[in-house]
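Please open the model in your viewer, with the sequence panel alongside, and follow the selections below in order.

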Amino acid sequence: MWIINIEQACVQLKNSPKEIHIMMKNNHHDSEMLVDFLELLESNTSLIELSLDCNYIITDKLTIALDDAIPKMIKKNKTLKTIIFSTILFGRIKFLEKFADALKENETINTIHFIACKFNIDELDFICKTILKHERITHFQLSLNDFQARHCEIISTLLKQTKTLTVLNLENNQIMTKGFEIISTAFAQNKTLEKLYSGFNIID
């Protein structure tokens, strides 16, 4: 289900949904509703899939709040299997660090999508190392991130070292011919990957 604002999300979260997609674009959040939303999100124990979309237009206040709320929920939740982040990712590296820490305590998440988050080199390196530390992660999506050949060096390390990743999505990037060569070399050394999606990339 698509939830277009926090008020609707609060209603749905109270009904113990298994799947919720929250589109946070162009929303205005009063303090009381924000508190309710974050408390419901942190305490939720029913979600199997959570998708947060278009979060690049949220306020600074909500960015800070989500930096704490999402990791807290991940630590407590015993049902979540898939988490999807679309567009700019809250407070960036601060959130990624808390997210990585929360994954240490979560035993159910196996699928992570970072779509159009536009990671820089350091951020990508950090998240790939995080994925390597958590052996239950089998599906990893990095589409629409404007990755180029230099990003592929980091992804190639992930491919060479992972022992559990079965699906990797690199669609809609800009990895070019050199990037494909780097990924292909790493793929040849990988023993777990079953599906590699790399369509819609610019080829020079």
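Select Ser46 and Pro17 as sticks: the backbone oxygen of Pro17 lies 2.6 Å from a polar atom of the side chain of Ser46, a polar contact in the sense of a pair of N or O atoms within 3.5 Å, where within protein one must be able to donate a hydrogen and the other to accept it, and where residues adjacent in sequence count only if both atoms are side-chain atoms. The model is a predicted one, in which local features need pLDDT of at least 70 and side-chain atom pairs count only at pLDDT 80 or more, while totals for chains, interfaces and linings use all residues. Residues are numbered from 1 along each chain as its sequence is written, and side-chain values use heavy atoms, with hydrogens and water left out.

Ser46 sits in the loop between helix H2 (31-43) and strand S3; helices (H or I, at least four residues) and strands (E, at least two) are DSSP runs numbered from the N terminus. With 16% relative accessibility, Ser46 counts as buried, a term that means under 20% relative accessible area, with exposed being over 50% and partly exposed in between (1.4 Å probe, protein chains only). Leaving aside residues up to four places away in sequence, Ser46 touches Ser16, Pro17, Lys18, Asn77 and Thr79, where contact means heavy atoms within 4.5 Å. Now add Lys18 to the selection: its C-alpha atom is separated from that of Ser46 by 5.5 Å, although the two residues are 28 apart along the chain.

Next, select strand S3 (residues 49-53), which is largely enclosed by the rest of the structure because four of its five residues are buried. Add strand S4 (residues 82-86), with which S3 pairs in the parallel sense over four bridges; two strands pair if DSSP finds at least two bridges between them. Which residue of S4 stands opposite Leu50? The residue to pick is Ile83, and Leu52 in turn stands opposite Phe85.

Stay with S4 and colour its residues by side. In a regular strand the side chains alternate between the two faces of the sheet. Here Thr82, Ile84 and Ser86 on one side, and Ile83 and Phe85 on the other, are all buried, and both faces of S4 are therefore covered. Extending the selection to strand S5 (residues 111-115) shows a parallel pairing with S4 over five bridges, in which Ile84 stands opposite His113.

From S5, move to Asn145, in the loop between strand S6 (139-141) and helix H6. Asn145 counts as buried, at 2% relative accessibility. Its side chain reaches the backbone oxygen of Phe114 at 3.0 Å, and a polar atom of that side chain also lies 3.0 Å from the backbone oxygen of Leu142. Among the residues that Asn145 touches, not counting those up to four places away in sequence, are Ala116, Lys118, Asn172 and Asn173.

Finally, select helix H5 (residues 121-133) together with helix H6 (residues 149-161), which pack at an angle of about 5° with their axes 10 Å apart. The axes are lines fitted to C-alpha atoms over the stretch in contact, and the angles run from 0 to 180 degrees between N-to-C directions. H5 and H6 are therefore roughly parallel to each other, the term for angles under 35 degrees. To display their contact, show residues including Leu124, Cys128 and Ile131 in H5, and Ile154, Ile155 and Leu158 in H6.

Definitions and conventions. Angles under 35 degrees count as roughly parallel, over 145 as roughly antiparallel, 65 to 115 as roughly perpendicular and the rest as oblique.
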